[in-house]
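Dear colleague,

Please find below the structure I wanted to hand over to you, together with its sequence. My notes on it follow underneath, arranged by topic.

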Amino acid sequence: MTTGNKLSKLRKEAGYTQEQVAEMLNVSRQSISKWESDTAYPETEKLIELGKLYGCSMDYLLKDEIEEKDGTNGSLRPSLSIKDLHFEWKSKKSIAGLPLCHINVGLGRSAKGVVAIGLAARGILALGLFSLGIISFGVFSLGLLAIGAFALGGFAAGAIALGIMAFGGVCVGIIAAGGVAVGAFCAGGVAVGKYLAVGDYAFGDVALGITKMVAREIGFAPFHGEHLEKAAAYLDKIVPWYLGWAKEIVKLFMC
């Protein structure tokens, strides 16, 4: 078989369309068509990518007399490296050019789809070591809703979290709650809040501490239930209008 015949056969066996392969290799669909019809040959870089995509050797792609994908015609097969250990699946259905689901697990591999799962994942819903999405789960997570060891997002939760609303071991946000919380409105073991701080150790304009508090306006240590209502009322005097939404959320838990 020619190189083109083999590329066409491998693509069909993998269940890909020419458009999908073109997108993965960042080339045009016409290029894929020309390669498969033997009217043009891929560049060396693209041949290597095709070999990885289809799990075959360069010898197999380039030498017509070789019929085995590993390029050995049944002789001793080359040993696998850690880079060869991977799993990939991509749904045939797509939305706005993105596959509905793309799973690509392996060293140096990334997934991109409406639902993306991989070492590095980008999508509406992304799960991976490094994840980026509207809803994102991972060790390093970035998204509107981000959950991970290190999380950055509108709503962030993690060991270290940074967001508009942040929750975790160490967190920074307009509203923050955790072991160490820093922001406009904070609650935690150690709470440092611009306007409100509630915690074992509390520091803020309004500070409610169990063990210790430092308040620029009013504070109570140790604080009791009745102090919460006084603190909530005082927030109306000091919180600027553009943080009114956050103040009202916080007051729901105080009154």
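Which residues do ring pairs link into a cluster? The cluster consists of Phe130, Phe140 and Phe150, joined by pairs of their rings. Please keep in mind throughout that this is a predicted model.

**Aromatic rings**

Five aromatic pairs are present in the structure. In one of them, the ring centres of Phe130 and Phe140 lie 5.2 Å apart and the planes meet at 10°, so this pair is classed as stacked, the limit for stacking being an angle under 30 degrees. Both partners are partly exposed, Phe130 having a relative accessibility of 45% and Phe140 one of 37%. Phe185 and Tyr195 form another aromatic pair, with 5.8 Å from centre to centre and 35° between the planes, and this pair is tilted. Here the two residues are buried, since the relative accessible area is 2% for Phe185 and 10% for Tyr195. A ring also takes part in a contact with a charge: the charged end of Lys6 is placed over the ring of Tyr60, at 4.5 Å from the ring centre.

**Salt bridges**

Side chains of opposite charge can pair when their charged atoms come close. Searching the whole structure gives nine salt bridges, and I describe some of them here.

Arg29 and Glu19 form a salt bridge in which the closest N and O atoms are 4.0 Å apart. This pair connects distant parts of the chain, with Arg29 in helix 3 (residues 29-36) and Glu19 in helix 2 (residues 18-25), ten residues apart. Arg29 is partly exposed at 32% relative accessibility, and Glu19 is likewise partly exposed, at 46%.

A salt bridge within a helix is formed by Lys46 and Glu49, whose closest N and O atoms are 3.9 Å apart. These residues are three places apart in helix 4 (residues 44-54), and therefore about one helical turn separates Lys46 from Glu49. In general, an α-helix has 3.6 residues a turn, so residues three or four places apart point the same way. Lys46 counts as buried, because its relative accessibility of 13% is under the 20% limit, whereas Glu49 is partly exposed at 27%.

Lys247 and Glu248 form a further salt bridge, with 3.7 Å between the closest N and O atoms. Lys247 is buried, at 11% relative accessibility, while Glu248 is partly exposed, at 42%. Both residues belong to a network of salt bridges that also links Asp236 and Lys251.

**The sheet**

Three strands make up an open sheet with mixed pairing, and their order is 1-4-5. Strand 1 (86-90) and strand 5 (110-220) are at the edges and have a single partner strand each, so one side of each is without a neighbour in the sheet. Direction ignored, neighbouring strands of this sheet are turned against each other by 45° on average. Strand 1 and strand 4 (residues 101-106) run antiparallel and are joined by five bridges. Lys90 has His102 of strand 4 standing opposite.

**Helix 2 and the loop after it**

Which residues of helix 2 are buried? They are Gln18, Gln20, Val21, Ala22 and Leu25, and these buried residues pack against helix 1 (3-14), helix 3 and helix 4. Helix 2 is thus linked to helix 3 through this packing as well as through the salt bridge between Glu19 and Arg29.

After helix 2 comes Asn26, which has a positive phi, near 60°. Val27 lies in the loop between helix 2 and helix 3 and is partly exposed, with a relative accessibility of 23%. Leaving aside residues up to four places away in sequence, Val27 touches Ala22, Ile32, Trp35 and Lys46. Among these contacts, Ala22 is one of the buried residues of helix 2, and Lys46 is the buried partner of Glu49 described above. By comparison with Glu13, which is 14 residues away along the chain, the C-alpha atom of Val27 is separated from that of Glu13 by 21 Å.

With best regards

Conventions
Residues numbered from 1 in each chain as written. Predicted model: local features only at pLDDT ≥ 70, side-chain atom pairs only at ≥ 80, totals over all residues. Heavy atoms only, no water. Phe/Tyr/Trp six-rings, centres within 6.5 Å; stacked < 30°, edge-to-face > 60°. Buried < 20%, exposed > 50% of the residue type's maximum accessible area, 1.4 Å probe, protein only. Lys NZ or Arg CZ within 6 Å of the ring centre and 35° of its normal. Salt bridge = Lys/Arg side-chain N within 4 Å of Asp/Glu carboxyl O. Helix = DSSP H or I, 4+ residues; strand = E, 2+ residues; numbered from the N terminus. Pairing = 2+ DSSP bridges. Axes fitted to C-alpha atoms, helices over the stretch in contact; angles between N-to-C directions. Contact = heavy atoms within 4.5 Å.
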